[in-house]
There are 2 protein chains.
Amino acid sequence: MQELLRSHIEKIVPLTDKEFELVISHFTVADFKRNHFIFEQGEKVKHAYYIISGLLKLTYVDDSAKEHIVSFAMEDWWESDFYAYFTQTKAAMSLKCLEETTVFCLSLNDYQNLCRDMPKMESFFLQKAHLGFIGSQQRILSLLTTNARERYEQLLQQYPALLQRVSKTQLAAYLGVSRETLSRLHD
Amino acid sequence: MQELLRSHIEKIVPLTDKEFELVISHFTVADFKRNHFIFEQGEKVKHAYYIISGLLKLTYVDDSAKEHIVSFAMEDWWESDFYAYFTQTKAAMSLKCLEETTVFCLSLNDYQNLCRDMPKMESFFLQKAHLGFIGSQQRILSLLTTNARERYEQLLQQYPALLQRVSKTQLAAYLGVSRETLSRLHD
DNA sequence: CTGAAATAGTGATTAATGTCACTGGTCAAT
DNA sequence: ATTGACCAGTGACATTAATCACTATTTCAG
C-alpha cells in the first residue's frame, strides 16, 4: 500500500529507500465506510488526504439545502478543503465517501516539516499544486463555454469510469445542472 | 519598481539584498500598450508575468467567436497560460492588455533555475500556487451555486475597483452571462 | 424477505437567460 | 467638426434549464 504512495511521488521526484522512509513517517493511514463524512462544513480540517482506494466527493451545501459537488476524488488523487487546511479555519465544504475509502493522512504540521526537511517533497507539492490549479482553470473554462450536454459529454470522455461509480444525481450536482435536465439529455 | 517585486515576495519569504539580487537577475521588464496581445491562442507562451502596473485579461475565444474571460489580472498579480507555460505547448488562451501594462517576465528556464538555486523561492511559488488553486476553486463554487445577479454582486464586493476599469461587456464575459443580461440586472 | 430510501425518467409549467435588432452616447483620430 | 469604433440600454422573442409532480425501479439495512 505504501508502494502506491511511493510510485505516485516518484512519478515526479525520485526517492531513495531512506528518503521514502522519512516521507512515510509523516503520514497515517485511515479507512472510512461508504457515506462517512471525513469532515463537514464548519469543522476543522485536520489533514490533506492521498487516496489509496475508493471515491470521495467534495461538496458544498447552499442555503436552500442544495448540494453542489466541487470535485470527485479517486485513487491516486489528493483531496481536502485546501483553503481551510492551509489557513486552519473552518471548512466551507464537506468531504464525504461515495465508496469505502482508504487514505494516507497528512497533517499541516507534518506537511510543513516534510517540506522543510526535504526540498524534493516541496518540489513534488509544487508540481501537484500547479496541476490542481490548471485543472481548476479548465473546469472554469468548461463552465463558461459549454452547456449542460457538452459538459456531460466532456466528463464522460475524461472519466468514463465515473459513470459506473456514481449516480446521475451526483453527476448533475457536479456539472451544475438539475438531475432532471441531465436525465433529458438523450433527446 | 524592483521594490514592488521584492516586497511582494517578502510578504511570504524574507530575502537578503544579495538574495534579491539573484532573484531579480532572472527577470526582464516589459511594457505593453493598451490592446496589445502578450500572446495569442496557438502561440508559444514564453513567460510567466508579474504585473507591476496595468490590467490584463486572460481569454478564450470559442468556435462561435465568443470571447470568455478566464481571469482579470492586475497590479501585484501573476498571470500566464500556465498549462502552456509549464508544458511548453501552444497557448489555449490569449493574454491581452486592457490598459497600458508593465510586467516582470520570467521564462520557464529562469523559473526552474531559480527554484533549483533558491529553495526559498520554491516555497514562495508553492504558496502562490496554493492560493491560485484555492481562488479557482472558489470561482467554480460561485459558478455552480449562484446566478448572474449574485455573481455580479460578489464580484463588485470583491473587486469594487474593477467596475471603474473595465467595460460591462468585459465583466459579462468574465461572469459567464450575455452583456444584455448583465445590463438588465438593475430591475 | 421486506419496506424505506435512493434513483431514474418524464410531463407540465415557470423562470432565467440568450439572441436579435435598434437606439443613443462617448471618445478618439482625422 | 466629422466619422467610426466601442459601449450601454432596452424591447421582442426564442431557447434553455429549473421546478414541481408523479411513477416505476433498484438498493440495502433490518
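**Around His26(A) and across the two chains**

Visitor: Which residues does His26(A) touch, not counting those up to four places away in sequence?

Guide: In this predicted model, contact means heavy atoms within 4.5 Å. Leaving out residues up to four places away in sequence, His26(A) touches Cys105(A), Leu106(A), Asp110(A), Asn113(A) and Leu114(A).

Visitor: Handy. Is His26(A) buried or exposed?

Guide: The residue sits in the loop between helix H2 (17-24) and strand E1 (28-32) of chain A, with helices (H or I, at least four residues) and strands (E, at least two) taken as DSSP runs numbered from the N terminus. Buried means under 20% relative accessible area, exposed over 50%, and partly exposed in between (1.4 Å probe, protein chains only). At a relative accessible area of 9%, His26(A) is buried.

Visitor: What does Phe125(B) contact beyond its neighbours within four places in sequence?

Guide: Phe125(B) is among the residues with the most contacts inside the largest nonpolar core, a set of buried Ala, Val, Leu, Ile, Met, Phe, Trp, Tyr and Cys residues joined through side-chain atoms within 4.5 Å. Its partners are Leu126(A), Trp78(B), Leu106(B), Tyr111(B), Leu114(B) and Cys115(B).

Visitor: And what rotation superposes chain B on chain A?

Guide: The fit is by least squares on the C-alpha atoms of residues with pLDDT of at least 70 in both copies. The shift along the axis is 0.0 Å and the RMSD 0.0 Å, with a rotation of 180 degrees. That's the relation of a two-fold axis.

Visitor: Any ground rules?

Guide: Residues are numbered from 1 along each chain as its sequence is written, and chains are lettered from A in the order in which they are written. Local features need pLDDT of at least 70, side-chain atom pairs count only at pLDDT 80 or more, totals for chains, interfaces and linings use all residues, and side-chain values use heavy atoms, without hydrogens and water.
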